[in-house]
Amino acid sequence: MRGTVEILLFCLFGQLQRVYTEEKGITWSNLQEGELLSCVDSIIRTYFSNFRNVLVSMPENRGEGLQRTLTPSSFDEDVILIVNMLLKKMSANFIPYRILPRDENLNPNGETVWGYIIFLWPDDDGDIMDSLRNQLDSLKDSESTQWEPRARFIVMVIYRDNHTPQELALEVYTEMWSYYRTINTIIVITNQDENEKSKHVNETNKFIAKVYTGFPYQTGNCGEVKEVILLDQCQSYKYPPLSQEVNLFPTNTPEHYCGCPLKVSSIGIHPFVYLKKNSTQIYGDASLKVEGMSVEQLLLPIEKMNLTPIFLHPILNLTMDGYLKIIAELTNGISDIVTGTIALIPALISSDYEPTIPFEFSSVSWFLPCPDASRRMEKVITTYSISVWLTMAMIYILTGCLFSCLATYNTPHISKDSNNYRNINLSLYNAWAVLLGVSVPEMPKTWKLRLIFLLYVCYCFVMSTVFQAFFTSFLVAPGYEKEMETVDELVQSDLKFGFNSAVGVGAMTMDYREFERFHYSRHVDCNDFAMCVKRMIYKRDITSIVVELYTNYLANRLGFGEEEKVLCSLNVKLISSGLVFLLKKGSPYLNQLNSLLRRGMEGGLLHRYCELMFFEARLESRNRKEDDETDALYFVFSFSYLIPAFFVLLVGYVAGGVVLVGECFLNCVLKYTNQRAGHVQTRYP
């Protein structure tokens with residue numbers, strides 16, 4: 001019932017259209033164009049009805065002054081009427097659309113367009129291809145990141161030159177594929193010349209338009225469009241005007257590419273990318289064999305897609321110039337894909353290229369040398385804090401004075417204690433002997449002095465026991481210095497900043513400029529990441545922003561195990577990002593690559609490769625570590641560990657010498673004073 005009503009409405013619309021065109025004075029050729037638009041309207045309702053946004057474009061020379069109402073200016077009225085009719089049909093079918101004149105800029109935060117309708121007629125110079133290029137450039141430049149080459153394109157040719165429909169369709173499709181990478185494109189071209197030559201054919205059976213498309217990856221093509229295929233033809237006064245059994249937007253990309261070449265650019269450092277050796281591909285071109293973690297992750301999907309990788313010369317460092325060169329190769333079509341250390345950052349969001357899904361995640365952090373093991377003698381000296389040392393010195397002096405006081409003022413007439421405790425010097429000597437754990441010449445005799453003496457012995461025993469315990473542990477494991485935790489501490493330290501141009505630009509695109517707090521005089525060239533990280537490990541004088549995965553690998557390659565932490569990072573991660581492959585926007589490989597990458601991640605293939613790579617690095621460094629492991633089991637107790645004891649002895653000798661010199665000097669002064677006083681008394685009796 002519904003189909004019958006639609007057929008009646010379509011026939012009624014055709015009759016009204018005929019009457020309307022006769023009243024307007026539109027010629028038979030223009031009437032064919034109206035039927036052509038009916039054909040396009042059928043395509044739009046069938047294939048664009050689910051889209052939320054359709055973009056309509058038309059040549060600039062005819063669109064001056066055109067707004068949503070498409071008010072005629074210098075353009076032929078009948079063509080303006082035809083375009084108006086199609087847009088009205090789209091509105092009636094609730095298909096949202098936008099008209100994009102060349103000078104209009106779309107909202108960069110808007111949704112991506114998945115349907116394009118391009119009206120095509122010759123420009124002012126009569127060149128239809130120039131008109132097509134101008135419109136595509138306008139769409140690409142105006143939409144910026146919303147431009148989607150994999151969307152569905154309908155190119156509606158209103159007028160054409162002397163080319164046959166197939167020749168014109170091939171030229172249009174080749175232009176759109178070669179320069180704009182639009183693969184899902186159909187070209188609708190009128191049959192006006194053929195219809196003029198066969199007027200005797202019944203109007204109801206006459207074909208009014210042909211629908212063409214191309215397949216760039218047919219067997220043997222490898223991305224070159226050599227011919228277009230006729231998908232269907234619109235018949236006059238037929239409903240629907242196109243066959244329901246034909247899919248006008250078939251899959252234009254195969255699952256297997258029959259060994260087609262894939263040009264690969266690569267940038268990075270070991271282990272992400274490294275040069276293995278020269279080899280010869282099946283195409284006879286001498287190329288390079290490149291390996292690495294990122295390359296291995298790419299080889300698995302392209303092997304499944306039956307593509308032949310052709311590696312361009314890799315860039316084996318991380319510099320801004322290197323990245324610009326790689327991006328230029330991709331943009332200019334020299335390469336088809338970029339692999340290596342390509343992180344998913346905002347700088348990659350562009351209208352010229354697009355990334356795959358991340359295949360490996362890692363974080364970028366501030367790395368710096370880990371705190372060094374404290375020197376054993378420094379730890380021995382700092383066993384007690386200064387306040388504890390001062391307290392012990394105060395207790396020692398007070399105890400010596402207390403011994404002397406109790407021994408001297410024990411009874412009013414006579415003391416039972418010996419002179420070893422009544423003399424202040426001997427009392428301090430006895431207190432010092434107890435503090436060092438040495439026996440005293442004589443024990444005290446009175447109970448009060450004995451009680452104080454016992455308490456002092458217990459105190460010294462506890463303090464010396466604790467000191468010996470710490471002394472032994474520090475000799476075995478002295479511990480580490482204080483670890484820096486903030487950027488402020490890094491800036492205030494003596495460390496220099498290892499600056500890498502590529503990392504610096506990437507950080508600035510994310511509005512992170514903490515590294516600018518380091519004065520330019522403290523910057524060190526860090527474009528060679530391997531040398532930079534090695535300097536961080538061995539010389540311990542720089543800090544830098546490095547990928548955590550790379551630092552772990554290099555530490556294993558240098559022979560440092562997990563228990564030997566030589567590089568530390570700040571507690572705050574700058575960014576956790578994923579490594580991706582970069583393709584030119586509109587690349588037909590993107591969807592298949594994403595699907596295969598996701599399967600590889602779920603299967604843990606890359607994780608297995610990374611584990612084998614780390615294991616191989618540890619094996620290569622094992623010979624160097626075997627000689628060092630034995631030395632790490634023990635240490636030689638040398639004379640240097642007794643320096644504190646000899647230092648205290650030296651201080652005692654110096655103090656005793658000073659006291660001796662002082663006493664001699666005081667004795668001389670007293671003798672001189674006494675002699676002078678006696679001389680005065682003799683002279684003046």
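Let me begin with the sheet in this predicted model, where five strands are arranged as an open sheet with mixed pairing, and the order across it runs E11-E8-E12-E20-E13. The two edge positions are taken by strand E11, residues 307-311, and strand E13, residues 353-355; each has a single partner strand, so one side of each is left without a neighbour in the sheet. From one strand to the next, the twist averages 30°.

Staying at the E11 edge, strand E8, which covers residues 260-267, pairs with E11 in the parallel sense, and five bridges join them. One bridge you can look up on the structure is that of Pro-261, whose partner in E11 is Thr-308. Packed on this sheet is helix H8, residues 320-331, which touches E8, strand E12 (337-340), E13 and strand E20 (582-584). The direction of helix H8 makes about 160° with that of E8.

Now let me turn to the surface. A nonpolar patch is formed there by Trp-432, Leu-436, Val-438, Ile-643, Phe-647, Val-648 and Val-651, which together have about 640 Å² of accessible area. Two elements give two or more residues each to the patch, namely helix H12, residues 424-436, and helix H21, residues 643-683, and the largest share, four residues, comes from H21.

Which helix holds Trp-432? Trp-432 is found in helix H12, and with 33% relative accessibility it counts as partly exposed, because that class lies between the buried limit of under 20% and the exposed limit of over 50%.

Definitions and conventions
Residues numbered from 1 in each chain as written. Predicted model: local features only at pLDDT ≥ 70, side-chain atom pairs only at ≥ 80, totals over all residues. Heavy atoms only, no water. Patch = residues over 30% accessible without salt bridge, like charges linked within 9 Å, V, L, I, M, F, W, Y side chains within 5 Å. Areas by Shrake-Rupley, 256 points an atom, 1.4 Å probe, with all protein chains shown as cover. Salt bridge = Lys/Arg side-chain N within 4 Å of Asp/Glu carboxyl O. Buried < 20%, exposed > 50% of the residue type's maximum accessible area, 1.4 Å probe, protein only. Pairing = 2+ DSSP bridges. Axes fitted to C-alpha atoms, helices over the stretch in contact; angles between N-to-C directions. Contact = heavy atoms within 4.5 Å.
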